[in-house]
Amino acid sequence: MCIHFEDVLKIHMELITLHCNCFMTRLLVIGDVHGCLIELENLLRKLRYQIKQDRLVFVGDLLNKGPSGAETISFVNDLKDDGGEVIYVRGNHDEKYLQFYNQFSNRLLKEQTPPRRLCQGWLGPDGHKTISKMKGRDWRLLLGTPLSFQTGNITVIHGGLSSKIHCKPKHLLDSKSFSSKRRAQIKSLMYIRYLRRDGTVPNHNETRGLVPWQDLYDGRFGWVVYGHQPTSHVLHNGKTIGIDTACCYGNRLTALVQEPDSQIYWESVSARSFYANCSPPKRLKRVATAV
Ligand SMILES: [Mn+2]
């Protein structure tokens with residue numbers, strides 16, 4: 001067999017390109033956007049986001065509360081179409097839209113928007129406006145969202161982890177193969193804020209004796225980056241990093257950045273306005289006054 005010098009050179013160049021691409025990849029994890037598209041664009045500009053080089057991960061909740069939910073989903077779809085590596089982890093508000101979709105998919109696939117009152121009852125004040133702008137590809141993007149994402153020593157989820165979940169995070173995506181009890185436990189990844197002291201997930205109205213899930217997390221999935229808890233600043237306890245800095249409540253939109261050399265830091269931009277259609281959670285008011 002005869003190997004030409006040009007072939008060897010070509011293979012060599014491809015390997016160098018591959019190595020450079022791996023070497024250059026940054027991980028950018030973005031907190032709850034909630035329809036704050038202008039702030040998302042500002043944040044990506046501030047980070048000098050490179051669509052062909054950076055890996056972009058959203059902690060979920062692209063929709064609801066802010067002014068441009070449908071436009072944000074469309075923007076993320078455009079990034080994917082333009083060759084960006086984008087992972088969109090499902091949040092509880094995304095799940096709410098998916099439950100609506102499951103109920104009304106016949107009408108939605110024909111791009112017929114269900115009545116205003118119905119949309120707003122399920123989805124909140126901006127539900128009808130958002131639904132009327134959503135196209136088939138936007139629903140497909142939502143339908144494909146995983147419940148977790150893991151890379152290296154970082155795991156991204158929307159809500160929290162119960163200490164009763166023992167399988168590896170990549171298996172958490174495969175929720176169809178689990179029993180309904182197990183599936184409910186896995187879906188709780190989108191909703192958890194507090195746990196009972198024994199690590200189990202409390203009932204909806206239960207409040208006594210609960211502890212933040214972060215206090216019980218033992219580090220078994222590496223660093224956990226999450227959203228879902230709007231606070232005035234990044235919450236960081238050595239094993240978990242909360243990056244929902246309440247953009248739709250007029251605070252900031254935050255990204256966690258992991259550089260190719262594994263160095264981690266966060267970057268944020270100010271919200272242009274107070275957007276949310278409801279008053280901020282008590283917790284946010286408390287943290288905001290404490291700072
Ligand atoms: Mn949220």
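Me: Why are α3 and α7 called roughly perpendicular to each other?

Reply: Start with the angle. In this predicted model, the axes of helix α3 (residues 69–81) and helix α7 (residues 136–143) cross at roughly 80 degrees. Angles from 65 to 115 degrees count as roughly perpendicular, and therefore α3 and α7 get that name. Their axes also come within 10 Å.

Me: What makes the contact between α3 and α7?

Reply: From α3 you have A70, I73, S74, V76 and N77, and from α7 you have R137, D138 and L141. Sorted by type, the residues of this contact are 4 nonpolar, 2 polar and 2 charged.

Me: OK, now H34. How do you know whether H34 counts as buried or exposed?

Reply: Count the C-beta neighbours. H34 has 28 of them inside 10 Å. The cut-off for buried is 20 or more, so H34 counts as buried. You'll find H34 in the loop between β1 (27–30) and α2 (37–46).

Me: And what is the phi of H34?

Reply: Phi of H34 is near 45 degrees, which is a positive value in a residue other than glycine.

Me: What about H228: is H228 buried or exposed, and how do you know?

Reply: Do the count again. H228 has 24 other C-beta atoms within 10 Å. Set that against the cut-off of 20 or more, and H228 is therefore buried. H228 sits in the loop between β8 (223–226) and β9, and phi of H228 is near 75 degrees, again a positive value in a residue other than glycine.

Me: Let's go to the strands. How do you know that β9 pairs with β10?

Reply: Look for bridges. There are 2 bridges joining β9 to strand β10 (residues 240–242). At least two bridges are needed for a pair, so β9 and β10 make the cut. They run antiparallel, and L235 stands opposite G242 in β10.

Me: What is the order of the open sheet that holds β9 and β10, and what makes β9 an edge strand?

Reply: That open sheet has 5 strands in the order β4-β5-β8-β10-β9, with mixed pairing. An edge strand pairs on one side only, and that is the case for β4 (148–151) and β9 (235–236).

Me: Which strands are at the edges of the open sheet with the order β3-β2-β1-β11-β12?

Reply: The edge strands there are β3 (85–88) and β12 (264–270), as each pairs on one side only. From one strand to the next, the twist averages 20 degrees. The pairing in this sheet of 5 strands is mixed.

Me: How do you know that the pairing is mixed there?

Reply: Check two of the pairs. Strand β2 (residues 55–58) and β3 run parallel, joined by 4 bridges, and R55 has E85 in β3 as its bridge partner. Strand β11 (residues 252–258) and β12, on the other hand, run antiparallel, with 7 bridges between them. Parallel and antiparallel pairs in one sheet fit the word mixed.

Me: What do β11 and β12 form, and what is special about S262?

Reply: β11 and β12 form a hairpin, with 5 residues between them. S262 is in the turn and has a positive phi of about 80 degrees. In the strands themselves, Q258 stands opposite I264 in β12.

Me: Last one: which residues have the most contacts inside the largest nonpolar core?

Reply: That core has 56 residues, and the ones with the most contacts inside it are V29, I30, V57, V59, V89, V156 and V225. Take V59: leaving out residues up to four places away in sequence, the residues V59 touches include V29, I30, V89, V156 and V225.

How values were computed. Residues numbered from 1 in each chain as written. Predicted model: local features only at pLDDT ≥ 70, side-chain atom pairs only at ≥ 80, totals over all residues. Axes fitted to C-alpha atoms, helices over the stretch in contact; angles between N-to-C directions. Parallel < 35°, antiparallel > 145°, perpendicular 65-115°, else oblique. Contact = placed C-beta atoms within 7 Å. Nonpolar A, V, L, I, M, F, W, Y, C, P; charged D, E, K, R; others polar. Core = buried A, V, L, I, M, F, W, Y, C linked by C-beta atoms within 7 Å. Buried ≥ 20, exposed ≤ 12 C-beta atoms within 10 Å, placed from the backbone.
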